[in-house]
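Me: I have a model open on my screen. Please take me through its helices and its core.

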Amino acid sequence: MTSTALLTTAASLIRNSFSLVGASAGNTHNETLEALHAALTHRISEMLQNDPGLLSNILYRIDVAETTVREITERQPPGDVPFQLATLIIERQLEKAKWRAKMKDSAGQ
């Protein structure tokens, strides 16, 4: 699976989990990743202010390491937390997309 296909899969998982609309706009891989990251950072910032419990539930559901989330929230300046969490989430969803593609390829052989 190409990196663009992996990003598309990860972006879809993220958009669904966080109710993001139009987060994958862009013509290139980097524009798409940047748009996704920006939209996710904004959404996380809103959730931290308005519904941190929902954010915690989503992080648990998408299997983001609780210890890493705690490190970010305790050690980063408050303004950096949404950006760092967005990075962590994107990395995790890309890992999952790679794993799924690998399993799909293995099953197809």
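Me: Which residue follows H1, and what is the sign of its phi?
Reply: This is a predicted model, in which local features need pLDDT of at least 70, side-chain atom pairs count only at pLDDT 80 or more, and totals for chains, interfaces and linings use all residues. Numbering starts from 1 along each chain as its sequence is written, and side-chain values use heavy atoms, with hydrogens and water left out. Helices are DSSP runs of H or I, at least four residues, numbered from the N terminus. H1 is followed by Ser19, and its phi is positive, near 55°.

Me: Why do the buried residues of H1 line one face?
Reply: Buried means under 20% relative accessible area, with a 1.4 Å probe and protein chains only. In H1 the buried residues are Leu6, Leu7, Ala10, Ala11, Ile14, Ser17 and Phe18. The arc is taken from the directions from the helix axis to the C-beta atoms. Down the axis of H1 the buried residues line one face because they fall within an arc of 130°.

Me: Which helix gives the most to the largest nonpolar core?
Reply: Such a core is a set of buried Ala, Val, Leu, Ile, Met, Phe, Trp, Tyr and Cys residues joined through side-chain atoms within 4.5 Å. The largest one has 22 residues. H1, H2, H3, H4 and H5 each supply at least two of its residues. The most, six residues, come from H5.

Me: Which residues are exposed on the other side of H3?
Reply: The buried residues of H3 are Leu55, Ile58 and Leu59. They cover an arc of only 100°, which puts them on the same side of H3. Exposed means over 50% relative accessible area. On the other side of H3, the exposed residues are Tyr60 and Arg61.
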